[in-house]
Every structure is written in C-alpha cells, then in structure tokens.
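Open the model in your viewer and keep the sequence panel visible. The stops below are meant to be selected in order.

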Amino acid sequence: MGGDYAPDATIEGAVLAHKNLPSSDRIFLFGPEKIIIEKINEYGAKPADFSIIHAPDVIGMGERPIKAYTQKPESSISMGLKYLKHKDIDSFASAGNSGATMVGAMYSVNNIQGVIRPCTLSIVPKENGGRNVMLDIGTNPDVKPDVLYQFAILGSIYSKFVLNVKDPKVGLLNIGEEEEKGNLLCQSAFRLMKGSNNFNFYGNIEGRDLFRDKADVIVCDGFTGNIVLKQIEAMYRLMVKRNLVDDFFDKFNYENYGGSPILGVNSSVVIGHGISNAKAIKNMIFLSKEIHEAKLTKKIKRAMNKYIQSN
C-alpha cells in the first residue's frame, strides 16, 4: 500500500516482475489480502502465483517513522521486515514511507556490527557508459568524518560486487579538488580517507565531475546528496518536457533503477521512490534479487570486520 500510486502500481509491477522471474523465485505481497487478490486478477495474473500475507495496517507517507512502525505492527512494512528477520524471505522492498522502512530495518534485522550509520545510495550514469555510486542520498543529513569514511567502504563494496567495477575509485564530493578545500567535515574526512587500506581513494571531486570517469564512488553527507539527486531528477524532467532526451540522458530515468538499497543492515532491503510506477516497482524487485544474489550483506560484514581489526 506504499507509494503515491499504490496499490495499482505495486501490484502491476509485481505481475510484470513475475513474468520475468524463474520459477524458483517467488514474490511475497504484504497488504490487505482482499485488495491484493482483486488487483492481481485485474492485471491478468493468478493469485496462486504469489504468496499473499495479510497486513491490514497502512503507514502513510507523511507519518513519523518510529511512531508509525512501532504502533502499526500489522502494516506491510512491519510484517515484511518481520518475515525478513526470520528468513522467511530473502529480501524486502517498499516504495512506502522510507523513514519507516529504514527504522524498521534497524529495529528488525539490525545494523551490521561496526556500521555507525546505515545509508542509501543512488546510481549516477557516466558519460562513458559506466555508473557512479553516490551515497548518502538523504538518510543521514548530519554526519561525522568517520561516518563518511564508512560510506566509502560501503559504496566500494556495492560498486565492486553489484556493478562489477574491479577496483572502485572513491571521490569525496567537495567544492574544490585541493586537500584543504571545503568545510571542516570534508577536510577532516579527506585526512581520514587519504592513504586508506580499506578502499581506493581518488581524492576530492567537484559537482561538475559527477558524470565523468574520475571516480566510481561519490561520498557525501545525506543533506548534500539529496539536493544533488533531486537536482538531477529536476533536470531530467525538464529535458523530457522539451524533448531533449537521448540514449544517455534516458539513463537518468529513476524507473530504470527501481530503488535504493539500504547499506549496513543485516539483510537485503530496498527503498523505492514514492512516485514509483509499475516499471519502477518491477525493477525494484529485480534490484532486490540482484543484491541478495550478490551476497552483499556477507561481503559488507567481512569488510567491516577488517575495518574494526585495523582500528
């Protein structure tokens, strides 16, 4: 029931995903059972092809995350994360209240040991056809230098094992390339990252380098990352409106990526865009599957153990 176009977009997206998944995979749908069955039939699929878990409570998009998650134990987010905790499902994805999903993930499956702040990321297309990872994109507006250092570890692991970048270069988003540039946060983070054995640090990069091949992982606080991401989305909408989109700029369409994984928790959790349509929901499901099959959580655990031991 989460998202601006739920339940229609959610159910239609699940039906589209089901058509392209192997028979060994199964989609669980959490929400009001009657509505789910009606919508599955409406979109020409069979309810028996899905596992339907009745979750009558609905968390609104504007509700306070902690209060909503704790006071609505039978919401789709609460129920889904409960199933994830007990390993009845391998991954969980929602286009609903992102704060409630984040809080729920930390309450249910918990943070990976050593991770100070779980974070979310976004894919930024490169001019040469590659893909940058940018994190954080809004989960952590206020951070300290050691948190940015950990974002670099998390982003490097994602880039390497999900995007198949052999030795990801990490760039710190700043207002200049020189080491002494930026605010106190960036200056302190630079000193921590410089010479790191946990990732391949390139150095500072500027906003004009976002789409270039200078780095594979772009690290910033969630306040900055969210502004950058929303500006990219706004520019894409303007270009579509003016028929200026080509093959490269079409890669900026959020529908193609499905959502943003939460990095740093003990399982595979994906947060979808609130305006997700059926195509975005379908790709959100595929992304969840991809992250699970990449064994991302296990690889983050190993990296964090190494990081803890080196400190």
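The tour starts with one helix and then moves to a buried charge and some backbone details.

The model is predicted, so local features need pLDDT of at least 70 and side-chain atom pairs count only at pLDDT 80 or more, while totals for chains, interfaces and linings use all residues. Residues are numbered from 1 along each chain as its sequence is written, and side-chain values use heavy atoms, with hydrogens and water left out.

**Helix H8**

Select residues 222–241, which form helix H8. Helices (H or I, at least four residues) and strands (E, at least two) are DSSP runs, numbered from the N terminus. The expected span, 1.5 Å times one less than the number of residues, is 28 Å for the 20 residues of H8, and the end C-alpha atoms are 28 Å apart, which agrees.

Next, color Gly222, Gly225, Val228, Leu229, Ile232, Glu233, Tyr236 and Met239, which are buried. Buried means under 20% relative accessible area, exposed over 50%, and partly exposed in between (1.4 Å probe, protein chains only). These buried residues of H8 cover an arc of only 135 degrees around the axis, so they are on the same side of the helix; the arc is that of the directions from the helix axis to the C-beta atoms. Show strands S4 (119–125), S5 (131–135) and S6 (169–173): the buried residues of H8 pack against them. Rotate to the other side of H8 to find Phe223, Arg237 and Lys241 exposed.

At the start of H8, a side-chain oxygen of Asp221 comes within 3.0 Å of the backbone nitrogen of Phe223. After H8 comes Asn243, with a positive phi near 55 degrees.

**Glu255**

Select Glu255, in the loop between H8 and strand S9 (260–263). Which side chain of opposite charge is nearest to Glu255? That side chain is Lys279, 4.1 Å away, and Glu255 is buried yet has no salt bridge. A salt bridge is a side-chain nitrogen of Lys or Arg within 4 Å of a carboxyl oxygen of Asp or Glu.

**Backbone details**

Most residues other than glycine have a negative phi, and most peptide bonds are trans. Select Ala6 and Pro7: the peptide bond joining them is cis, with omega about 0 degrees. The bond from Leu135 to Asp136 is also cis, with omega near 5 degrees.

Finish with Asn164, in the loop between H6 and S6. Phi of Asn164 is positive, near 60 degrees, and Asn164 counts as exposed because its relative accessibility is 62%.

Definitions and conventions:
Contact means heavy atoms within 4.5 Å. A polar contact is a pair of N or O atoms within 3.5 Å; within protein, one must be able to donate a hydrogen and the other to accept it, and residues adjacent in sequence count only if both atoms are side-chain atoms. Lys and Arg count as positive and Asp and Glu as negative; His and the chain ends are not counted.
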